[in-house]
Amino acid sequence: MLELAFTVEDLARTRFATSPLDHVICGMVPQECPHYAGSTTRDRWWRRVRAHVPQAAGPLMELCAVSPTGLPDFLSAQIDVEHRRIGDELDAIRSVPDGQVRADLSAAYGHLYDPEDTDGRTGNRGAEPPRIVRELYDAGSDGLRRLTHAARALYTRCLAPDWPDIQRQLRADISRRMHTCAQRGVGELLESVHPRLSWNEAGLLRYSEAPWHGENTFTLGGYGLELRPSIFLEGGIGFFLPQGRQPVLFHPVGPWPGLDRTAPGPDGLATLIGPARARALRAIGRGPCTTKELADRLSITAPSVSAHTNALRTAGTITTERHGREVHHTLTRLGHDLLTTNPEPAGITARTEN
């Protein structure tokens with residue numbers, strides 16, 4: 001059993017965050033990792049993108065394949081932003097000092113080599129550590145540039161096209177959970193994250209599941225807890241429990257109608273504004289576009305697009321600006337909120353290609 005001990009200060013500092021880097025890494029860890037076993041969403045995504053994995057992604061994929069039980073702490077970027085960007089996360093990793101890089105590698109892969117060995121090459125089981133671990137240990141923070149370049153390449157080729165849809169799903173999940181918190185309190189919020197979590201009035205959040213055996217209590221130390229939803233987690237949850245930093249709990253999106261379901265739930269947005277205009281609003285939500293680009297996204301004629309954009313603009317969900325001979329369409333705050341609270345039932349597998 002694992003217990004997280006909260007103080008009043010910890011409760012006040014508990015927050016949500018979304019991370020593209022989390023999804024890049026979660027997409028690469030071995031299938032036998034217990035946190036991701038049976039994730040149909042991740043399996044479908046991987047089958048679709050694996051042919052597009054760039055060669056430059058090799059170092060990150062190699063590091064993720066070394067051990068299914070854990071990764072170095074420096075891969076969990078600490079950024080005080082709710083909705084993160086991949087560039088900011090990679091900048092944070094590149095800024096990790098040499099000493100922390102080597103200490104994190106020793107902590108994560110100490111079963112493969114003796115951390116007291118100054119060059120990091122002596123295996124405590126009579127074998128050298130994996131090549132990528134040895135290279136990172138030798139290079140220190142300089143080696144992180146190669147690793148973050150790999151993460152950037154993997155994100156750009158395999159995840160970036162889906163990220164706007166994924167992020168809407170994550171934000172919708174956070175919005176629903178915050179509604180639970182407002183109505184029923186933080187205890188109900190924390191219990192809603194996973195069925196194996198339980199909260200008691202003493203301020204303990206309990207998780208009873210392997211690999212934690214016996215009684216283990218982790219004190220949050222006034223840093224609070226960061227909750228990060230992931231579409232690649234379905235049955236399990238993960239923890240990042242450092243000393244002197246905010247701990248993280250990785251959890252699946254809730255069982256809400258929407259993402260990657262065999263039988264999609266009802267589409268609230270289509271019910272509200274009609275299916276054709278819902279598709280148009282979601283297409284604009286994938287990024288500002290011209291009338292021609294929107295017609296290409298929807299595979300309809302320009303006059304039909306104009307009819308939809310006129311209605312959406314009248315409803316206050318988009319703005320339209322003319323630049324020369326082109327007309328550009330962008331979401332308003334109202335349009336963004338409608339997409340966030342009404343995720344597309346078909347999920348990322350129904351993404352419209354540009």
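In the predicted model, strand 2 (residues 15–16) and strand 6 are paired in the parallel sense, with 2 bridges between them. Across this pairing, Arg 15 stands opposite Glu 226 in strand 6. Strand 6 also pairs with strand 8 (residues 248–252). That pairing is parallel too, and it runs over 5 bridges. Here Glu 226 has Val 248 of strand 8 as its bridge partner. Glu 226 thus appears in both pairings, opposite Arg 15 and as the partner of Val 248.

Strand 6 spans residues 226–230 and is mostly covered, with 5 of its 5 residues buried. In a regular strand, side chains alternate between the two faces of the sheet. Strand 6 is covered on both faces. Glu 226, Arg 228 and Ser 230 lie on one side, Leu 227 and Pro 229 lie on the other, and all are buried.

The setting for these strands is a protein with 15 helices and 11 strands. Of its 354 residues, 49% are buried. The exposed surface is about 16600 Å², and carbon and sulfur atoms supply 51% of it. Contacts between residues at least 6 apart in sequence were also examined. Of these contacts, 66% join residues at least 24 apart.

Nonpolar side chains in soluble globular proteins tend to be buried together. In this model, the largest nonpolar core has 42 residues. Leu 60, Leu 63, Phe 74, Leu 105 and Leu 147 have the most contacts inside it. Several helices each supply at least two residues of this core, among them helix 2 (20–26), helix 3 (40–49), helix 4 (58–66) and helix 5 (86–94). Helix 6 (98–109), helix 7 (131–139), helix 8 (143–159) and helix 9 do so as well. Helix 8 gives the largest share, 8 residues. A second, separate core has 18 residues, including Phe 6, Phe 16, Tyr 207 and Leu 227. Leu 227 is also one of the buried residues of strand 6.

Phe 74 shows what contacts look like in detail. Residues up to four places away in sequence are not counted here. Phe 74 then touches Ile 93, Val 96, Val 101, Asp 104 and Leu 105. Leu 136, Leu 144 and Leu 147 are further contacts of Phe 74.

Two open sheets were examined next. One has 4 strands in the order 3-4-1-5, with mixed pairing. Strand 3 (197–200) and strand 5 (216–219) are its edge strands, each pairing on one side only. Direction ignored, neighbouring strands of this sheet are turned by 20 degrees against each other on average. Within it, strand 1 (residues 2–5) and strand 4 (residues 204–207) are antiparallel and share 4 bridges. One bridge pairs Leu 4 with Leu 205 of strand 4.

The other sheet has 3 strands in the order 9-11-10, and its pairing is antiparallel. Strand 9 (289–290) and strand 10 stand at the edges with a single partner strand each, so one side of each has no neighbour in the sheet. Strand 10 (residues 318–323) and strand 11 are joined by 6 bridges. Among the bridged pairs are Thr 320 with His 329 and Arg 322 with Val 327. The two strands form a hairpin with 2 residues between them. In this hairpin, Gly 324 takes a positive phi near 65 degrees. Helix 12 lies across strand 9, strand 10 and strand 11, and runs at about 90 degrees to strand 11.

His 329 belongs to strand 11. Is this residue buried or exposed? His 329 counts as buried because its relative accessibility is 1%, and buried means under 20%. The side chains of His 329 and Thr 320 are joined by a polar contact of 3.1 Å. Beyond its neighbours within four places in sequence, His 329 is in contact with residues including Ile 284, Pro 288, Cys 289, Thr 290 and Thr 291. Thr 309, Ile 318, Thr 319 and Thr 320 are also in contact with His 329.

Helix 15 (residues 333–341) also has buried residues, namely Gly 335, Leu 338, Leu 339 and Thr 340. An α-helix has 3.6 residues a turn, so residues three or four places apart point the same way. The cover over the buried residues of helix 15 includes helix 9 (163–184), helix 11 (268–273), helix 12 (275–285) and strand 11 (326–331).

Methods:
Residues numbered from 1 in each chain as written. Predicted model: local features only at pLDDT ≥ 70, side-chain atom pairs only at ≥ 80, totals over all residues. Heavy atoms only, no water. Buried < 20%, exposed > 50% of the residue type's maximum accessible area, 1.4 Å probe, protein only. Contact = heavy atoms within 4.5 Å. Areas by Shrake-Rupley, 256 points an atom, 1.4 Å probe, with all protein chains shown as cover. Polar contact = N/O pair within 3.5 Å; in protein donor to acceptor, adjacent residues only side chain to side chain. Pairing = 2+ DSSP bridges. Axes fitted to C-alpha atoms, helices over the stretch in contact; angles between N-to-C directions. Core = buried A, V, L, I, M, F, W, Y, C linked by side-chain atoms within 4.5 Å.
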